[in-house]
Amino acid sequence: MTSQEYGKHSYLFSSDTPARRAAALTELLLDPEIRAIIAARGAYGSLELLRFMKFGKLRKVNKPLIGFSDVTGLLLALYAKAGLRSIHGPTIESGFSKMMQEPLARQSCDALIALLTHTVFNPYA
């Protein structure tokens, strides 16, 4: 599957089937042009990806996956099975979409951006 194929189908409340979403995530993680991946939102849909992830392919990936809530299961599995480091941090929905109205969301997003842009200590550097 390529990124051009992703999202062409719907699956329950998700943008595609678990297998296609797992393949798309793997493709993003392996893409050298992408430096970090921020989850759009939490929800149990992230847990559906686990049985379709190709953890062996991801052992040399050195970019963080960022999210929290139900995404935590995915973060932990990627760390345990592939050694992929992650950041338990804001999602697009919980942080970035609310940062103009909610001071704590802004503070969380600002801290994440500072970490990712190396303006504070970055364990991935």
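This passage walks through the fold of one protein chain, from its overall layout down to single residues.

The structure is a predicted model, so a bit of care comes first: local features need a pLDDT of at least 70 and side-chain atom pairs count only at pLDDT 80 or more, while totals for chains, interfaces and linings use all residues. Residues are numbered from 1 along each chain as its sequence is written, and side-chain values use heavy atoms, with hydrogens and water left out.

Let's start with the overall plan. The protein holds five helices and three strands; here helices (H or I, at least four residues) and strands (E, at least two) are DSSP runs, numbered from the N terminus. Read from the N terminus on, the elements go α-β-α-β-α-β-α-α. The protein has 125 residues, and 36% of them count as buried. Buried means under 20% relative accessible area, exposed means over 50%, and partly exposed is in between, using a 1.4 Å probe and protein chains only. Contacts, meaning heavy atoms within 4.5 Å, often link distant parts of the sequence: among those between residues at least 6 apart, 54% join residues at least 24 apart.

Next comes the sheet. In general, strands of a sheet pair through backbone hydrogen bonds, either parallel or antiparallel. In this model, three strands make an open sheet in the order 1-2-3, and the pairing is parallel. Strands are said to pair if DSSP finds at least two bridges between them. Strand 1 (37-38) and strand 3 are the edge strands, each pairing on one side only. Strand 1 runs parallel to strand 2 and is joined to it by two bridges, and Ile37 sits opposite Leu65 in strand 2. Helix 3 packs on this sheet, touching strand 2 and strand 3, and its direction makes about 155 degrees with that of strand 2. For that angle, axes are lines fitted to C-alpha atoms (for helices over the stretch in contact), and angles run from 0 to 180 degrees between N-to-C directions. Over in strand 3 we find Ile87, which is buried with a relative accessible area of 12%. Ile87 is 20 residues from Gly67 in sequence, yet the two are 6.7 Å apart in space, C-alpha to C-alpha.

Helix 3 deserves a closer look. Just ahead of it, in the loop between strand 2 and helix 3, lies Ser69. Ser69 isn't a glycine, but it still has a positive phi of about 65 degrees; this residue is partly exposed, with a relative accessible area of 42%. Helix 3 itself (residues 71-82) has 12 residues and reaches 16 Å from its first C-alpha to its last, close to the expected 16 Å. The expected span is 1.5 Å times one less than the number of residues. Its buried residues are Val71, Leu74, Leu75, Ala77, Leu78 and Ala82. They end up on the same side of helix 3 because they cover an arc of only 165 degrees around the axis, where the arc is that of the directions from the helix axis to the C-beta atoms. The face turned away from this buried side carries the exposed residues Leu76, Tyr79 and Ala80. As for partners, the buried residues of helix 3 pack against helix 1 (18-30), helix 2 (45-48), strand 2 (65-67) and strand 3 (86-88). After the helix comes Gly83, with a positive phi near 70 degrees.

Then there's the largest nonpolar core, which has 18 residues; Leu25, Leu29, Met53, Leu58, Leu65, Leu74 and Leu78 touch the most other members. Such a core is a set of buried Ala, Val, Leu, Ile, Met, Phe, Trp, Tyr and Cys residues joined through side-chain atoms within 4.5 Å. Helix 1 and helix 3 are the elements that give two or more residues to this core, and helix 3 provides the largest share, six residues. Leaving aside neighbours within four places in sequence, Leu58 is in contact with Thr26, Leu29, Leu30, Met53, Leu78 and Ala82.

Two other helices fill in the picture. Helix 1 has 13 residues and reaches 18 Å from its first C-alpha to its last, close to the expected 18 Å. Its buried residues include Pro18, Arg21 and Leu25, and what covers its buried residues includes strand 1, helix 2, strand 2 and helix 3. Helix 5 (residues 103-116) has 14 residues, and its end C-alpha atoms are 20 Å apart, in agreement with the expected 20 Å. The buried residues here are Ala105, Cys109, Leu112, Ala114 and Leu115; their cover includes strand 1, strand 2, strand 3 and helix 4 (92-96). Just after helix 5, His118 takes a positive phi of about 65 degrees.
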